[in-house]
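Trainee: Hi! Could you walk me through this one?
Mentor: Happy to, let's look at it together.

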Amino acid sequence: YLLDEPTNHLDLNSLQWLEDWITASDAGFLIVSHDRAFLDATVTRCIELERGKLSAYPGNFTAAMAEKQLRLEAAKIAFGAHERKVSQLQREAQLAAQQASRSENKHRVGNRDAMTASHLANRGAHKSGRRALALEARIEHLGELEKPFEDQFMTRVPLEPAAHGPNEVLTLEDLTLTRGERVILGGVTLHLRRGQQVALVGANGGGKSTLLLSILGQLEPSAGSIRHGVGLQVYWAGQNTEELSEYATLEDALLAANPTLETRALYALLASLGLPKDPKRLVSSLSGGQRTRLSLARLSVTKAHLLVLDEPTNNLDTDAIAALERLLSDYAGTVLFASHDRRLIETLATTIWRVQDGTVLEELR
């Protein structure tokens, strides 16, 4: 079976079914995925495509990445030793060449006659010259080692300090949300306080997106109320970067997230995330991957008090997901994220809001 990102739009129950089916099957599978928990549960070998090269590692994802790190450390040690050896030989070759040059220019040695001095000088020059050539041959034989590659793309996203904001971030009281005549959620009473990191989970179609839209003010409740803390600033990112559609250029998108960014900071941020270097570049010209990076760039500079993220890992590779986890772990504000990424939930969530049976249940972790 050839499976291309099979977990991208699956809820947790569907994920579990798929894992069980794969592990019980006698068939062979080639799976393209960035879902770390899924890969840990299903695969026995990993092949990573990086910079146009394939590298094979034994074991599941966690084991493979541990082996990759070991190989990287060994490669860095070998590269450092190689560079030191080449540098030493270059110094010795340069010294030998200098000695040869001095011997050629030396016409007298002590009180010997000119002919003897010239003979000794030529012999010394020849010997030093041969040594210099031999050392250069050794350097050429050593060749060049490629410097071990460490992907800096989104490994250190610069995080702006979050403003303090209100302690009572959100209050949902006896909320009812409908679409047309259909009640999606009812009797929802929840409180969101500063510093909480809440994972919104549940079956697809259960009402997670509906709840987020109501919190963002894009859907009026049929009953009940939603109160935002005084002065609350909210940052929102959709699962398909749809929030970017209202911005013309990269500069517009970044300044909307943080109006205090200076031109120098804009260029540095774009460069650090592998985005086009021109802040005037049109958002509409970006590839899907670049749009995802731009969304992360906006996330890294926002000073909002509350981050509302809808399936934030859907279009990220594993390095970017790890960067996102570090960013959110360091974030001092409040985070509400809808996700089926079990590893992300385990790593970040202090509270679970579970959409179930037409309402939302709170589980503290």
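Mentor: Start where Leu250, Ala253, Leu254, Ala256 and Ala257 in α6 meet Leu294, Ala297, Arg298 and Val301 in α8; contact means heavy atoms within 4.5 Å. This is a predicted model, where local features need pLDDT of at least 70 and side-chain atom pairs pLDDT 80 or more, while totals for chains, interfaces and linings use all residues. Residues are numbered from 1 along each chain as its sequence is written, and side-chain values use heavy atoms, without hydrogens and water.

Trainee: How do the residues in that contact of α6 with α8 divide?
Mentor: Eight are nonpolar, none polar and one charged. Ala, Val, Leu, Ile, Met, Phe, Trp, Tyr, Cys and Pro count as nonpolar, Asp, Glu, Lys and Arg as charged, and the others, Gly among them, as polar.

Trainee: And at what angle do the axes of α6 and α8 cross?
Mentor: Roughly 30°, and the axes of α6 (250–257) and α8 (288–301) come within 8 Å. Axes are lines fitted to C-alpha atoms, for helices over the stretch in contact, with angles from 0 to 180 degrees between N-to-C directions. Helices (H or I, at least four residues) and strands (E, at least two) are DSSP runs, numbered from the N terminus.

Trainee: Switching to the sheet, what's the strand order?
Mentor: β6-β5-β8, an open sheet with antiparallel pairing; strands pair if DSSP finds at least two bridges between them. β6 (182–193) and β8 (223–228) each have a single partner strand, so one side of each lacks a neighbour in the sheet.

Trainee: How many bridges join β5 to β6?
Mentor: Eight, with β5 spanning residues 168–179. Leu172 stands opposite Leu190 in β6.
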